[in-house]
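Biologist: I'm more at home at the bench than in front of a model. Please show me how to read this one, feature by feature.

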Amino acid sequence: MTELEKLEAYSKVLALLEEHHEFFSKSLPLIASENVCSPAVREAVASDFMHRYAEGWPGERLYAGCRYIDEVEKIAIELGRDVFKAEFVDVRPISGVVANLVAYCTFARPGDMMIALAIPHGGHISHGKEKWGGTAGVVRGLEVERYEFNEEEHEIDVDATARKLRRLEADTGKRPRLFMLGASVFLFPHPVKEVRRLADEYGAYLVYDAAHVAGLIAGGRFQDPLREGADCMTMSTHKTLAGPQHGMVVSWSRYAERLKQVAFPGLLSNHHLHHVAGLAIALAEAKAFYREYAGAIIRNAKTLAEAMHELGIDVLYEHRGFTESHTIVADVTKYMDGRTAEEKLERAGIIVNRNLIPKDYRLKTDHRKPSGIRLGVQELTRLGMNESEMKHVAELIADVIVRNREPEKVAKDVEDFRTQYRKVHYCFESAVGAYDYIRIR
Ligand SMILES: *Cc1c(COP(=O)(O)O)cnc(C)c1O
């Protein structure tokens, strides 16, 4: 690279960032695993905390210079305990996957059996078997077995799972050590109490992965896994919980020492202190605003699902009210495959993702062209949209999928519509727009 080319790369990256901001300010972001932070969280993330090291626990650091970092981390822990009514909180895991690894290393040993959801049933790659490159198998050496799943109800079949496990024990002598709950297509609360009873038959642990639904739980609108019998809850802090990209572990005092030691020095060196600061602010917002925010998310998801369904799109689980969370899933094969739908919608400024749905498991569909799309309304809700806006969003989606309107024409309507929704809601202050590019050069 010449000097000139290096200079061009510098300008090019900054220009691309600005274009990305422009793109999102004109789009309808509906990826179920994303959200937009408040301006205060963005300020924390851009602070000098991003340059520092603070290995260990507040007050017992391996680095000097942590006097303010320690205070902030203690506030994050206190707020986490308050919001999730938990005895123990660790805000150091740097992502949801790392939080799951903390749980795997605390509650199971290599070779142990873990029960988790299959991916087409909503399971996450971090719960996966070694042969698929899943974290549980590849990194912790767990043997993963699947829950039996009722496709009609989109629900774990606990009785059928219990029968399967008894057969497995009779055939191989193997018993489960860890039951994992939680999913990436998380439509309805999981049967935590029932799985707890099953886990108790084996003296096994129960961990609940709240990556997607942490914000709904924080708002008291989904379920309360710790009270329903979970030993531990892991999460990402940036999906329905609209903080910076990070992870968190929430549990009981009796597991605190082992969880702490596994996190550090087991799985982390430094733990991204700017994100810890952003998380502290996000948790303060959760305490103040999420009862209302989470309620609005769930109402909006149901409204969007119903409106899309009325316009001819096969949104799944109508008989269960489509969803009790931020997420809805639609089978689009009446019109096109999920990948084509994703591509066309993106050209229209509507950002969703293609997704495997339960029937793909049976049909062994090519995972690159799944039958479904997954949509989450948490980000649109945070932009201040309510039920009437959801009905309009459904029309725009139907324009592309059902009416086969030119996506670039729909993009113009999307852009117009978006001009009314610029600020982040459900936070203390919103001085700048949700997708404003902030120059600090
Ligand atoms: C998103 C997700 C994760 C992990 O997320 P990170 O990207 O590592 O924060 C873990 N489990 C489930 C169920 C998820 O959906």
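**Reading the model**

Biologist: Let me start with one residue. Which residues is Phe84 in contact with, leaving aside its neighbours within four places in sequence?

Modeller: Contact means heavy atoms within 4.5 Å. With those neighbours left out, Phe84 is in contact with Ala214, Ile217, Ala218, Leu226, Arg227, Met233, Met235, Met248, Val250 and Leu283. Before we go on, this is a predicted model, in which local features need pLDDT of at least 70 and side-chain atom pairs count only at pLDDT 80 or more, while totals for chains, interfaces and linings use all residues. Residues are numbered from 1 along each chain as its sequence is written, and side-chain values use heavy atoms, with hydrogens and water left out.

Biologist: Which residues have the most contacts inside the largest nonpolar core?

Modeller: A nonpolar core is a set of buried Ala, Val, Leu, Ile, Met, Phe, Trp, Tyr and Cys residues joined through side-chain atoms within 4.5 Å. Here the largest one has 127 residues, and Phe84, Phe179 and Tyr208 have the most contacts inside it. Helix α11 (residues 273–310) gives the largest share of this core, 16 residues. Helices (H or I, at least four residues) and strands (E, at least two) are DSSP runs, numbered from the N terminus.

Biologist: Now a polar residue. Is Ser236 buried or exposed?

Modeller: Buried means under 20% relative accessible area, exposed over 50%, and partly exposed in between (1.4 Å probe, protein chains only). Ser236 is buried because its relative accessible area is 5%. The residue sits in strand β11 (residues 232–236). Beyond four places in sequence, Ser236 touches Gly96, Ala211, Ala214, His246 and Gly247.

Biologist: What should I look for in the backbone angles?

Modeller: Most residues other than glycine have a negative phi, and most peptide bonds are trans. His154 has a positive phi, near 50°, and so does His272, near 60°. His272 lies in the loop between α10 and α11 and is partly exposed, at 33% relative accessible area. As for peptide bonds, Phe264 and Pro265 are joined by a cis one, with omega about 10°; Pro265 belongs to helix α10 (residues 256–267).

Biologist: Where is His154 found, and what does its side chain join?

Modeller: His154 is in the loop between β7 (149–150) and β8 (155–156), and is buried, with a relative accessible area of 8%. A polar contact is a pair of N or O atoms within 3.5 Å; within protein, one must be able to donate a hydrogen and the other to accept it, and residues adjacent in sequence count only if both atoms are side-chain atoms. One such contact, of 2.9 Å, joins the side chains of His154 and Tyr317. Outside four places in sequence, the contacts of His154 include His121, Phe188, Arg320 and Pro358. His190 is 36 residues from His154 in sequence, and their C-alpha atoms are 10.0 Å apart.

Biologist: Last one: which residues of helix α12 are buried?

Modeller: An α-helix has 3.6 residues a turn, so residues three or four places apart point the same way. In α12 (residues 338–347), the buried residues are Gly338, Ala341, Glu342, Lys344 and Leu345. They pack against β15 (350–351), β16 (353–355), β17 (372–376), α15 (387–401) and α16 (407–418). At the start of α12, a side-chain oxygen of Asp337 comes within 2.8 Å of the backbone nitrogen of Arg339. After the helix comes Gly349, with a positive phi near 80°.
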